[in-house]
Amino acid sequence: MKNLSNAALSELAVSIPLPPEQRRIVGILDEAFDGIATANANAEKNLQNARAVFESHLQAVFTQRGDGWVEKRLCDVYDVRDGTHDSPKYHPTGYPLVTSKNLKRNGLDLATSG
C-alpha cells in the first residue's frame, strides 16, 4: 500500500470492546462452536446409521429372492473367457465386456468398458 508508514499506523484509531463485552462475545462463540461440534457428531452418527441401513438392505437384496428370480451359474448367462487367450470383441449393446480394467478400488466401473 502506498503511503503506509509506522507513523500513519500509530495514528489509526481502533475500537476495542470493554472486557465484559469481550467475555460476552467469547461466550456466544463458545456456544456456536459447541453447536457445530454437536452437529458434526450427529452428522457422523447419521452417516454410520445410513451405511448400516444400506448394508442391511443390500444383504437382504441378495439373500431374499424376489418373485420370478431364478438361480443360474454365471457361465450360463454370460460369456466367460480366460484372459487374452480368447477375448470377445467389444459391442456397444448387450452385455458389457468386463475386464480387469473395470475393477476399481471401490467396485466395478463399467464406464471404461470397451
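Buried means under 20% relative accessible area, exposed means over 50%, and partly exposed lies in between (1.4 Å probe, protein chains only). This is a predicted model: local features need pLDDT of at least 70, side-chain atom pairs count only at pLDDT 80 or more, and totals for chains, interfaces and linings use all residues. Residues are numbered from 1 along each chain as its sequence is written, and side-chain values use heavy atoms, with hydrogens and water left out.

**Exercise 1. State what share of the 114 residues is buried, and describe the surface of the chain.**

Step 1. Buried residues account for 2% of the 114 in the chain.
Step 2. The chain exposes about 10,800 Å². Areas come from the Shrake-Rupley method with a 1.4 Å probe; for residues, only the protein chains shown count as cover.
Step 3. Carbon and sulfur atoms supply 56% of that exposed area.

**Exercise 2. Lay out the helices and strands, then find where confidence is highest and lowest.**

Step 1. Helices (H or I, at least four residues) and strands (E, at least two) are DSSP runs, numbered from the N terminus. The chain has 3 helices and 2 strands.
Step 2. Their order along the sequence is α-α-α-β-β.
Step 3. Confidence is given as pLDDT, the predictor's value for each residue, from 0 to 100. The chain mean is 83, and 87% of residues reach 70 or more.
Step 4. Helix 2 has the highest mean, 95, and helix 3 (residues 74-77) the lowest, 74.

**Exercise 3. Locate the salt bridge and describe its two residues.**

Step 1. A salt bridge needs a side-chain nitrogen of Lys or Arg within 4 Å of a carboxyl oxygen of Asp or Glu. The count by this rule is 1.
Step 2. The partners are Glu21 and Arg24, at 2.8 Å, N to O.
Step 3. Both sit in helix 2 (residues 19-63), 3 residues apart, about one turn of the helix.
Step 4. Glu21 is partly exposed at 31%. Arg24 is partly exposed too, at 45%.

**Exercise 4. Place Ile16 and say whether it is buried or exposed.**

Step 1. Ile16 lies in the loop between helix 1 (6-10) and helix 2.
Step 2. Its relative accessible area is 65%, so Ile16 is exposed.

**Exercise 5. Find which residues Val77 touches.**

Step 1. Val77 belongs to helix 3 and is partly exposed at 32%.
Step 2. Contact means heavy atoms within 4.5 Å. Not counting residues up to four places away in sequence, Val77 touches Lys72 and Tyr95.
Step 3. Val77 and Tyr95 are 18 residues apart along the chain, with 9.5 Å between their C-alpha atoms.
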